[in-house]
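Please read the following walk through a single chain with the model open beside the text. The account moves from one disulfide to the strands around it, and then to the rest of the chain.

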Amino acid sequence: VTSMKLLLAAVALAALIHEGTSIHCYSCTSDPSWPFPYDPNCANFDYSDTNFIQEWEDDDSVPSVCYTVVYSDDTIGKSVERNGVQGMIIDDGDCFVVEQHTICYCTGDLCN
């Protein structure tokens, strides 16, 4: 009986160790011509529509980050990407101006 309890405890511990993590981000755009799901309310500062949540599994070495991008024509996009995909590691709150848009990253669930 004791060895069975030890075996069950070991299996439970292994499952916890291998359990992946994920991040939940809003995924939408205020421009209906974009490939992201369109929601005219996506541009709202306090956006919180649960119909536009995307869960993204982290891989073993690289977590994912949420982002909001604002284009010069005021189009807003929100989504998720792997941290480091742009060639640098992103910290929570980092923002960058790139050509015709500004993109800001965050690392918590539904932070975008």
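In this predicted model, Cys95 and Cys104 form a disulfide whose sulfur atoms lie 2.0 Å apart, and the torsion about its S-S bond, 115 degrees, makes the link right-handed. Cys95 has a relative accessibility of 42% and counts as partly exposed, and Cys104, with a relative accessible area of 26%, is likewise partly exposed.

The strands in this part of the chain are β6, residues 95-98, and β7, residues 101-106, which pair in the antiparallel sense over four bridges. Among the bridge partners, Phe96 is matched with Ile103 in β7, while Val98 is matched with His101. The hairpin of these two strands has two residues between them, and Glu99 there takes a positive phi near 50 degrees.

The hairpin belongs to a wider arrangement, in which five strands form an open sheet in the order β2-β5-β4-β7-β6, with antiparallel pairing. Its edge strands are β2, residues 28-29, and β6, each of which pairs on one side only.

Turning to the other cross-links, the structure holds four disulfides in total, and, with bonded cysteines counted along the chain, they follow the pattern 1-4, 2-3, 5-6, 7-8. One of them joins Cys25 and Cys66, with sulfur atoms 1.9 Å apart, and because the torsion about the S-S bond is about -80 degrees, this disulfide is left-handed. The pair links distant parts of the chain, since Cys25 sits in strand β1 (residues 22-26) and Cys66 in strand β4 (residues 64-71), 41 residues apart. Cys25 is buried at a relative accessible area of 0%, and Cys66 counts as buried at 0% relative accessibility.

Another disulfide is formed by Cys28 and Cys42, their sulfur atoms 2.1 Å apart, and with 75 degrees about the S-S bond this link is right-handed. Cys28 lies in strand β2 and Cys42 in the loop between β2 and β3 (53-57), so the pair ties together parts that are 14 residues apart in sequence. Cys28 counts as buried at 0% relative accessibility, and Cys42 counts as buried at 0% as well.

Finally, the confidence of the prediction should be kept in view. The mean pLDDT of the chain is 83, and 81% of its residues reach 70 or more. Among the elements of the chain, β2 has the highest mean pLDDT, 97, whereas helix α1 (residues 2-18) has the lowest, 42. Over residues 3-18 pLDDT stays under 50, and for these residues the model has zero contacts beyond four places in sequence.

Terms used: Residues numbered from 1 in each chain as written. Predicted model: local features only at pLDDT ≥ 70, side-chain atom pairs only at ≥ 80, totals over all residues. Heavy atoms only, no water. Pairing = 2+ DSSP bridges. pLDDT = per-residue confidence, 0-100. Contact = heavy atoms within 4.5 Å. Disulfide = S-S within 2.5 Å. Buried < 20%, exposed > 50% of the residue type's maximum accessible area, 1.4 Å probe, protein only.
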